[in-house]
Amino acid sequence: MSNVAYDLQTKTTVPNSYKTSSTLGKRIGFGILYLILGIIAVVQIYPLIWLFLFSLKTNQEVFGMSPFSFPHDPQWGNYAKAWTQGHINLYFFNSVLYTVIAVVLTVILASFVTFAVTRMSWKLSGLVLGLFMAGYMIPLHSTLIPLFSFFKTLHLINNPLSIILSYVAFNLPITIMILSGFYRTLPREIEEAAVMDGCSIHRIFFQITLPMTMPVLSTTIIINMIYNWNEFVFVNTFISSDKWKTITVGVNNFVGQYLTDWGAIGATLIISIIPVLIAFFILSDRIVEGIAAGSVKG
Amino acid sequence: MKSVMSNKLVISLYVLPALALILLLIYIPIVLTGYYGLTDWNGIGQAKFIGLENYINLVKDKMFWESAWHSLLLGIFSTISLIGYLILSLILASKIKGANILRKIYLVPMLLSSVAIAQLWAKIFDPSNGMINRLLMMFGVDNPPLWLADSKLVLYALFIPIVWQYAGFYIIIFYAALKNIPEELIEAAKIDGANPFQIAYRIKIPLISGVIKVMVILAIVGSLKYFDLIFVLTGGGPNHASEVMASYMYTEAFTKYNFGYGSAIGFGLLVICLIMTWLIQKLLSSKEDF
């Protein structure tokens, strides 16, 4: 009996748990439900649309007209201004550079650790894994002063290395957390066979295991990219020279300088969030998966 | 077989670089923060050892406890809003059409940097040209609130962008947990005549109680560490009305160059985070009898 019901349930695509006894009351209920869900969606998205609208307006339009109006004569010049005047082009390039280097290092180092901990047998593996995982719980701000003086001693203040090393260290815990969940589900037979055939451990890692983890690697890569792109505190603390600032911090300074020019501020903000939004449009499933995987394990 | 997979040299080669990084940049600094708290130091010259003076001052510092209270208040708000996120996730996970698109739309703000969110909301909250007050004035409100400039309102106002930012994150996690519940359990309950509310309350919520517990910890401890958005939006002001522990520490250390006292605050933040994590785990573990 229950099997029959179960089959019916999975074969139909409509939400039949509600449809089977579709009364008027239920339809109204459904309507209200969708209305609420829709309003929440609008609340989540509309501020960004509003931002885009005022990034194309002149100050007269922003101050004089309804905030919900469309720009009369779209001021694309705001974007040109933001891009060249506030060093935004330089900051953008720096952000790309730090993000790419840090992501590559994080994912490689995390894969090494996860492989050693979950595939190889040694006494302290549990303790080492725990040490990495616990790093996730430590508030970054409690490490900030010693990190600052450490980088200062090494003359790494105003040096991209301080940023990249910090990104890698602080993203290793979450990356290893996501990776280890996946490694545990991988079958060991192929690796065992490779050992029998006399394959070296490095070849096993690089040519057998690592390629098998491609799906989860792409998840961790995109999650790491978003974290690094958006990071604020490290750059704000370790970098004071404009030459090495990232777009997240640069945008903040730009806004401070051009307080009243809403159009240009809007344009810089849009430029700073566009890469993440594009990544989301292409890879939303991976991002959702990474967020779900990373925290549920916690 | 054994020898290849337990080769000490290879293990060291694979583990040590990453281990060195987290020891050097996370664990040693944590210990050093506690030590620097024992010194009088402006960050440039020689640190002078002064014993427990900073920590004694910290315990007596009204500002510190006020900022801790603000952080905790945000944590309490966040925990309460978990109920809303859970209800939304229950709706989205009950096989409704468009659930996948909707949860992705809800997630969008979470992808933006806190700086971008802060700057955007600075404009939304702008007393004369912002979206909120324009809307209020359109509906005939003559004296709309000043929001971030009002020391009584500022913490509540700040919580709006925080909910906006994190709603999607919690919904994604609750949704994933709910989708992991075996279909058979729900079907069996339906056949026994349980209505959707009973199924949600008696079956689904108890089954994901582990995830809910983790999310409560994340909401409270995450709020205790909260910094970026508040630092950019209000800098802890007006008149410290939105000061949280991390912003207090940051201003003390990197604006006033009190590295010794700043370190003591940082260590206090760490201790409070660890105590809260332990406390919530203790409080919630008694309920996990199923």
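Select Val103(A) and show its contacts beyond four places in sequence: Ile221(A), Asn224(A), Met225(A) and Asn228(A). This is a predicted model, so read every distance below as computed from predicted coordinates. Val103(A) sits in helix α6 of chain A. With a relative accessible area of 6%, Val103(A) is buried, because the cut-off for that class is under 20%. Now add Ser121(A) and draw a C-alpha to C-alpha distance from Val103(A). The two are 18 residues apart along the chain, and the distance reads 28 Å.

**Along helix α6 of chain A**

Stay on this helix and select Arg119(A). Which residue does Arg119(A) pair with in a salt bridge? The partner is Glu191(A), and the closest N and O atoms are 3.1 Å apart. Arg119(A) belongs to helix α6 and Glu191(A) to helix α10 (residues 189–196), so the link joins distant parts of chain A, 72 residues apart. Are the two ends buried or exposed? Arg119(A) is buried at 5% relative accessibility. Glu191(A) is buried too, at 2%.

Next, pick Phe112(A) and Phe206(A). The ring centres are 5.9 Å apart and the planes stand at 90°, so this is an edge-to-face pair. Phe112(A) is in helix α6 (residues 88–119) and Phe206(A) is in helix α11 (residues 201–212), so the pair ties together parts of chain A that are 94 residues apart in sequence. Colour the two by accessibility. Phe112(A) is buried at 15%, while Phe206(A) is partly exposed at 44%. Over all chains, the structure holds 44 aromatic pairs.

**Another salt bridge in chain A**

Select Lys81(A) and Asp261(A). Their closest N and O atoms are 2.6 Å apart, and the pair forms a salt bridge. Lys81(A) lies in helix α5 (residues 77–85) of chain A. Asp261(A) lies in the loop between α14 (247–257) and α15 (262–297) of chain A. The pair links distant parts of the chain, 180 residues apart. Lys81(A) is partly exposed, with a relative accessible area of 28%. Asp261(A) counts as buried at 16%.

**A pair within one helix of chain B**

Switch to chain B and select Lys190(B) with Glu187(B). Their side chains meet in a salt bridge, 3.8 Å from N to O. Why are they about one helical turn apart? They are 3 residues apart in helix α9 (residues 183–191) of chain B, so about one helical turn separates them. Lys190(B) is partly exposed at 31%, and Glu187(B) is buried at 5%. Over all chains, the structure holds 7 salt bridges.

**Crossing between the chains**

Select Ser149(A), in helix α8 (residues 144–153) of chain A. Ser149(A) is buried at 11% relative accessibility. What does Ser149(A) touch, leaving out residues up to four places away in sequence? The contacts are Tyr36(B) and Trp41(B), in the other chain.

Keep Tyr36(B) and Trp41(B) selected and expand to the aromatic cluster they belong to. From chain A, add Phe148(A) and Phe232(A). From chain B, add Tyr35(B), Phe49(B), Phe227(B), Phe231(B), Tyr250(B), Phe254(B), Tyr257(B) and Phe259(B). Together these form one aromatic cluster with members in both chains.

**The whole interface**

Now show both chains and select every residue in contact across them. The selection takes in 93 residues of chain B and 96 residues of chain A. The buried area is about 8800 Å². Carbon and sulfur atoms give 78% of that area.

How many salt bridges cross this interface? The rule finds 1. To see the bridge, select Asp285(A) and Lys104(B), whose closest N and O atoms are 2.8 Å apart. The interface also holds 19 residue pairs in polar contact, both residues at pLDDT 80 or more.

Finish on the chain B side. Select helix α2 (residues 8–36) of chain B: with 20 residues, this helix gives the most to the side that touches chain A. Then colour that whole side by class. The tally is 67 nonpolar, 13 polar and 13 charged residues.

How values were computed. Residues are numbered from 1 along each chain as its sequence is written. Chains are lettered from A and ligands numbered from 1 in the order in which they are written. This is a predicted model: local features need pLDDT of at least 70, side-chain atom pairs count only at pLDDT 80 or more; totals for chains, interfaces and linings use all residues. Side-chain values use heavy atoms; hydrogens and water are left out. Contact means heavy atoms within 4.5 Å. Buried area is the accessible area (1.4 Å probe) that two parts lose on being put together, summed over both. A salt bridge is a side-chain nitrogen of Lys or Arg within 4 Å of a carboxyl oxygen of Asp or Glu. A polar contact is a pair of N or O atoms within 3.5 Å; within protein, one must be able to donate a hydrogen and the other to accept it, and residues adjacent in sequence count only if both atoms are side-chain atoms. Helices (H or I, at least four residues) and strands (E, at least two) are DSSP runs, numbered from the N terminus. Ala, Val, Leu, Ile, Met, Phe, Trp, Tyr, Cys and Pro count as nonpolar, Asp, Glu, Lys and Arg as charged, and the others, Gly among them, as polar. Rings of Phe, Tyr and Trp (its six-membered ring) pair if their centres lie within 6.5 Å; planes under 30 degrees apart count as stacked, over 60 as edge-to-face and the rest as tilted. Buried means under 20% relative accessible area, exposed over 50%, partly exposed in between (1.4 Å probe, protein chains only).
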